[in-house]
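This briefing concerns one strand and its partners, together with one internal cavity. The points below are grouped by topic.

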Amino acid sequence: YGYTGENYRAGRSESTGEVSMKTIKAFAVSLLLCALTIVGLHLYSGRGFSAEGKAGTWVSDAKSQSGSTLKKMAADENAVLIFGSSELRHGQGSGFHGDTIFDGADMDPIYVGKAGYQSLTHAITLGAVGSQAANKKAVLIVSPQWFKENGVKSTAFEAAFSEEEYIALLENPDISQETKDYINGRLQNIMADNETMSERVKKDREWYQPKDDNTAEQLGWLEQKKADFHKILLEEKNNYKVMAEALMDGISNHRSKESGAKLSQATWEQLRKEAETEGHKLSDGNDYGMFDSVYKGTYQTLIANGKHKNPKYTLDSMEFSDLECFLSICREEGIEPLVVILPFNGYWYDYTELTAEERSTFYEKIRCIAEDYGVQCADLSGNEYTEYYFEDNSHPALKGLVDLNEAIYEFYRKDKTE
């Protein structure tokens, strides 16, 4: 038929060339789309969040561990960094939580933390972002349940640890070497059983802790580039996490109300009346000052079985030193702090046999530390037996949340003339 082997090979070669060219074009298009997606994600995630929106009272690991996100939020002159633990989440949507009370107010709260976050984690975060805080005020909500022998549990600390924020603290010239040495020592202790994290923070100190040109070896060119890339990668990764969690949780920069309204004394009085009414419905069926549903669901059985007696709190807790570290960073960053002392639930802790006298020693030591640093306290410890103050054995609810939020707001308003 006139179709020789040479013709066949030539045709096959031409066909193979066409396929190869199509493959290359498809790969190039895919690469371009991938690049555009990455750039788009970078631009979207890099916008950050405003403290004016619901993002402020959003309780999120991703937000709390993203120093770049917190810096952008803290640049708002009406923003207040509010550091806490599990109490930040409890009561959401109840009408007494900050997510409702401060929506539309002239103060823009930035909640940092959740269960497992304590003074040491918050000290690192503040050392990373405090220089960007336009309002120069911060609140630390201190839970008396923090004061176990070793302070924060290693597992909780490691879960809350932000390498991005730790690096920013190491690079911050405002933070003294003494403070950095204390934090480095605590990390070495807490991470002793976690070889991977121990090696990571050791490398961070090698790469990012400022060195004396005359006495310390500087990083080589290649090592410096690796350090720069690692830092950028951490920031990008954390920005993506914030974006993803925000999308899943429906968080945006939009308020549900107009902003700028001042909260009057009448507002707080009305909220207390509403808390009293709600408390009658939720908490009148038990003798432990907590919600009936929580009591019946968890604590009734514990009490019947004599569980959770003699909790191991101690005045020698490392948490007190971590608290001092946080206040030292406030001083070094020129930030005015408010220390909020939450109360024990007196009814529950009487049952556990931690006496009122013993409990008072923890409050007193916190007050003494605050006084030593010249720091204002919002002392709520006198409410151990106040009706409708707790959700469970420890977390404030109803009147407790009203008092907590009022104390924070009054601190924000202090020294404002308008």
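In this predicted model, Ala 79 of strand β1 has Asp 108 as its bridge partner in β2. Strand β1 covers residues 79–83, and strand β2 covers residues 108–112. The points that follow treat the pairing of β1, its burial, and a cavity whose lining includes Ile 82.

**Strand pairing**
- Strands β1 and β2 run parallel and are joined by 5 bridges.
- Strand β1 is also joined to strand β3 (residues 137–142), with which it runs parallel, through 3 bridges.
- Within the pairing with β3, Leu 81 stands opposite Ala 138.

**Burial of β1**
- Strand β1 is mostly covered, with 5 of its 5 residues buried.
- Both faces of the strand are covered: Ala 79, Leu 81 and Phe 83 are buried on one side, while Val 80 and Ile 82 are buried on the other.

**The second largest cavity**
- The whole structure contains 3 cavities of 30 Å³ or more, and the second largest holds about 70 Å³ of space.
- Ile 82, buried in β1, is one of the residues lining this second largest cavity.
- Other lining residues include Glu 87, Leu 88, His 97, Gly 98, Tyr 111 and Ile 141.
- Helix α16 (residues 399–413) gives the most to the lining of the second largest cavity, namely 4 residues; the lining also includes Leu 401, Leu 404, Asn 405 and Ile 408.
- By class, 7 nonpolar, 3 polar and 1 charged residues make up the lining of the second largest cavity.

Conventions:
Residues numbered from 1 in each chain as written. Predicted model: local features only at pLDDT ≥ 70, side-chain atom pairs only at ≥ 80, totals over all residues. Heavy atoms only, no water. Buried < 20%, exposed > 50% of the residue type's maximum accessible area, 1.4 Å probe, protein only. Helix = DSSP H or I, 4+ residues; strand = E, 2+ residues; numbered from the N terminus. Pairing = 2+ DSSP bridges. 1 Å grid on protein atoms, 1.4 Å probe; cavity = no way out; pocket = protein on both sides within 12 Å on 5 of 7 lines; lining within 4 Å. Points joined across faces, edges and corners; volume = space filled by probe spheres on them. Nonpolar A, V, L, I, M, F, W, Y, C, P; charged D, E, K, R; others polar.
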